[in-house]
Amino acid sequence: MTVTPTSTSTPASSPTTLQALRNPRLLTTEALAGAVTTLALIPEVISFSVIAGVDPKVSLIASVVLAISMSILGGRPAMITAAAGAVALVVAPLVHTHGVEYLLPTVILAGVIQILFGVLGLARIMRFIPRSVMIGFVNALGILIFAAQLQHVLDVPVMVYPLFALTLLVVLLLPRITKAVPAPLVAIVLVTGIAMFAHLSVPTVGDQGDVSGGLPGITPLLVPLDLDTLRLILPTALSVAFVGLMETLLTAKLVDDITDTRSHKSRESWALGVANILAGCWGGIAGCAMIGQTVVNVKLGRARTRLSTFFAGVMLLILVTVLSDLMEAIPMVALAAVMMVVAVSTVDFHSVRPSTLKRMPWSETLVMLTTVVVVVATNNLAIGVAAGALLAMVLFARRIAHVTSVRRLVTDGAATYTVRGPLFFGSSNDLVERFTYAEDPPQVTIDLSAAQIWDASTVAALDSVQTKYAAHDIEVRFTGLDEHSTQFRDRLTGTLN
């Protein structure tokens, strides 16, 4: 899968929700996509509930609330939001150390932070995520999805392998015959039917955790709302908020690229906050975008509207409340095979071809590989993306620091220095060393018409240059600054050294 720039307009081929409601074929596509996505969602949500230290039903119901809420409020149609692993990893230490009762105020506080993030328009910072980080993100995602499924096909009963092969055959070959029904849904239904009627002893969804029983009610608040509680939950709430936002916004950008459409990132941010507050109050745990399941929904299910997300939430609710016995009978190998296909299709193999690597600047490749390695090592997409983005910024600063040049010309008893390139902390820190103070004539002009002042470090450097010339009784003039640079220097000069 190649990550391409997001288009500036929504193509006519991407239907709206209203168009899908009026078109039975489109409506069927959205409903079936939601169904297959739900089946891919269940085992991961149950697994993450174990990590977080909460009851599986809590995570499943929270996922219902998140999916339905985001299908209405969210800014990225067809994206799947549920109780995700990134959030589970963040809240696990708090739950294990202080108890599950602190989860509700933590989730609510995280939701408030996400609402503020969206309302203040801070989601725009996602435009600064480099392409190399995004490619590393999707490659690492494919590796993690694939690796997570290996436990379901290794050291398992021998009957698992024929079911695994059958699932792969259906998923890969059925689309060549018909695309009327998602191949993963057909494969899961077929394999489940065979396992049930043949009474095959293979691992099932029910083995991952008990999902039967009644629905949980409104989550009770069992801790006092005071400063001690706030100090205890604030670090975890901040982590939940920003990890959830990062994964959600990156997933939204990924879906933008896959579907060649635009999403409203600020709306997605505050909507996630509202959905998490609702999920905390009825369910008990927060969530964010589920990247693998979103790829299933968009690529395998061919969903394009928020109806697929709504159907996924409703289907999950039906499975938990009415069809829990049937859901528990689904063989894990069928879901694992589907997710493996998703994992392979997610990886951008073009980015790692030798021909591509030869043409690509080494810095871009290093950023991509760093993102992949950190994500795989930490099993955390947010940490990997942050590491990749930080490295990209450092390499960018290093690269542009070397494009600044200083040229000296002496004529008629006067010296003129021409400075070219951007002046910021990376390039201006050694600017003071570019001038020959003791050798210059009494009149020195520093021409900055081909340069721009970007920060206070540059103003301090220019002040130092002026001070060193003054020590040699040499008058120096700065010329050529644009209006913004002139105003910036006038405001700070003489106050920094």
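Here are some questions and answers about this predicted model.

User: How far apart are the end C-alpha atoms of helix α14, and why is that distance expected?
Analyst: Happy to work through it! Helix α14 covers residues 332-346, which makes 15 residues. At 1.5 Å a residue these should span 21 Å, so the expected span agrees with the distance between the end C-alpha atoms in the model, 21 Å.

User: Is α14 mostly covered or mostly open, and how many of its residues are buried?
Analyst: Buried here means under 20% relative accessible area. By that cut-off α14 is mostly covered, and of its 15 residues the number buried is 13.

User: Which residues does V205 touch, leaving out those up to four places away in sequence?
Analyst: V205 is a good one to look at, as it is among the residues with the most contacts inside the largest nonpolar core, which has 109 residues. Apart from that core lies another, of 24 residues, including F435 and L492. In general, nonpolar side chains in soluble globular proteins tend to be buried together. The residues V205 touches are I42, I46, M327, E328, I330, M332 and L335.

User: Which strands are the edges of the open four-stranded sheet?
Analyst: The strand order is β3-β4-β5-β6, with mixed pairing. An edge strand pairs on one side only, and that holds for β3 (405-411) and β6 (475-479).

User: In what sense do β4 and β5 pair, and over how many bridges?
Analyst: Strand β4 spans residues 414-423 and strand β5 residues 443-453. Within this pair, A415 stands opposite V444 of β5. The sense is parallel, and the number of bridges is nine.

Technical notes. Residues numbered from 1 in each chain as written. Predicted model: local features only at pLDDT ≥ 70, side-chain atom pairs only at ≥ 80, totals over all residues. Heavy atoms only, no water. Helix = DSSP H or I, 4+ residues; strand = E, 2+ residues; numbered from the N terminus. Expected span 1.5 Å × (residues − 1). Buried < 20%, exposed > 50% of the residue type's maximum accessible area, 1.4 Å probe, protein only. Core = buried A, V, L, I, M, F, W, Y, C linked by side-chain atoms within 4.5 Å. Contact = heavy atoms within 4.5 Å. Pairing = 2+ DSSP bridges.
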